[in-house]
Amino acid sequence: MLLARPVKKAPEQWKKEIMEAAKKLFLTRGYEETAITDIMELAGGAKGMFYRFFQSKEEVMHALGDQMFMENNPFEAVRERTDLNGLEKIREVLALDRGDGEREELSTQAVPILKDPRILAAAVEANRRVLTPLWFELIEEGRRDGSIRTEYARELSELLPLVNFWMMPYVFPASEEEIQHKCRFIAEVLSAMGLPIVEDEMYGRAGRILGRRGGHPMGEMHPMGEMHPMGEEQPIKEGGNK
């Protein structure tokens with residue numbers, strides 16, 4: 001009896017299926033509890049196939065963050081809307097981002113890998129490079145239509161992608177109460193600079209999430225941007241990639 005030969009897949013199909021398997025496992029089992037062998041078992045391939053596309057489990061996480069951001073980019077969703085002014089567009093960006101539950105959960109799972117200084121530095125640089133011009137575009141639109149009154153459009157657009165990292169207890173250790181105090185500080189600073197975008201309910205819930213999840217600064221507050229895209233980072237292989 002002849003045995004059926006395995007179906008060959010194109011490289012891009014393998015990469016897609018590996019990412020889909022990783023996403024499913026990260027969201028259901030958790031990043032720390034998922035090994036590369038688990039990913040490839042679900043994807044239906046040998047472990048060596050994984051390393052044809054990714055150097056480490058961290059790199060898969062970064063690629064997923066990039067992909068999910070591009071698939072549901074809140075900045076693109078509001079760019080052509082004529083029913084919103086600049087400030088309203090910024091608030092809608094935040095609302096859309098908070099509503100993306102899968103990406104929020106994936107970002108939560110990614111927090112522990114930012115303890116590595118090189119990965120953290122790459123994430124900061126990627127956020128600065130990608131998110132700063134997007135924030136600047138919306139702030140400038142708000143200045144033109146009069147909904148945002150500030151002399152600091154450039155500075156605010158550079159600050160927003162960095163605030164999340166300042167909020168991380170991994171970077172600046174803080175209790176839940178101290179994190180909520182930071183949230184209030186950010187809300188007042190932004191408002192004073194002409195950008196009233198952080199509401200009480202947002203940073204109240206953020207503080208609770210931070211306390212419960214051990215340092216995730218995005219979630220319901222999330223006024224500043226995400227930990228993505230980070231796809232250009234070349235993570236270090238660690239024991240967790242078993």
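Glu 76, Arg 79 and Glu 137 are joined in a network of salt bridges, a salt bridge being a side-chain nitrogen of Lys or Arg within 4 Å of a carboxyl oxygen of Asp or Glu. The model is predicted, so that local features need pLDDT of at least 70 and side-chain atom pairs count only at pLDDT 80 or more, while totals for chains, interfaces and linings use all residues. Residues are numbered from 1 along each chain as its sequence is written, and side-chain values use heavy atoms, with hydrogens and water left out.

By this rule there are 9 salt bridges, among them the following.

| Pair | Closest N to O distance |
|---|---|
| Glu 76 and Arg 79 | 2.2 Å |
| Lys 89 and Glu 141 | 2.8 Å |
| Arg 29 and Asp 38 | 3.0 Å |

The pair Lys 89 and Glu 141 links distant parts of the chain, 52 residues apart, with Lys 89 in helix H6 and Glu 141 in helix H8; helices are DSSP runs (H or I, at least four residues), numbered from the N terminus. Lys 89 is buried at 3% relative accessibility, and Glu 141 is buried at 17%, where buried means under 20% relative accessible area, exposed over 50%, and partly exposed in between (1.4 Å probe, protein chains only). By contrast, Glu 76 is partly exposed at 43%, and Arg 79 is partly exposed at 24%. Glu 76 and Arg 79 are separated by about one helical turn, because they lie 3 residues apart in helix H5 (residues 74-79).

Notes:
Helices (H or I, at least four residues) and strands (E, at least two) are DSSP runs, numbered from the N terminus.
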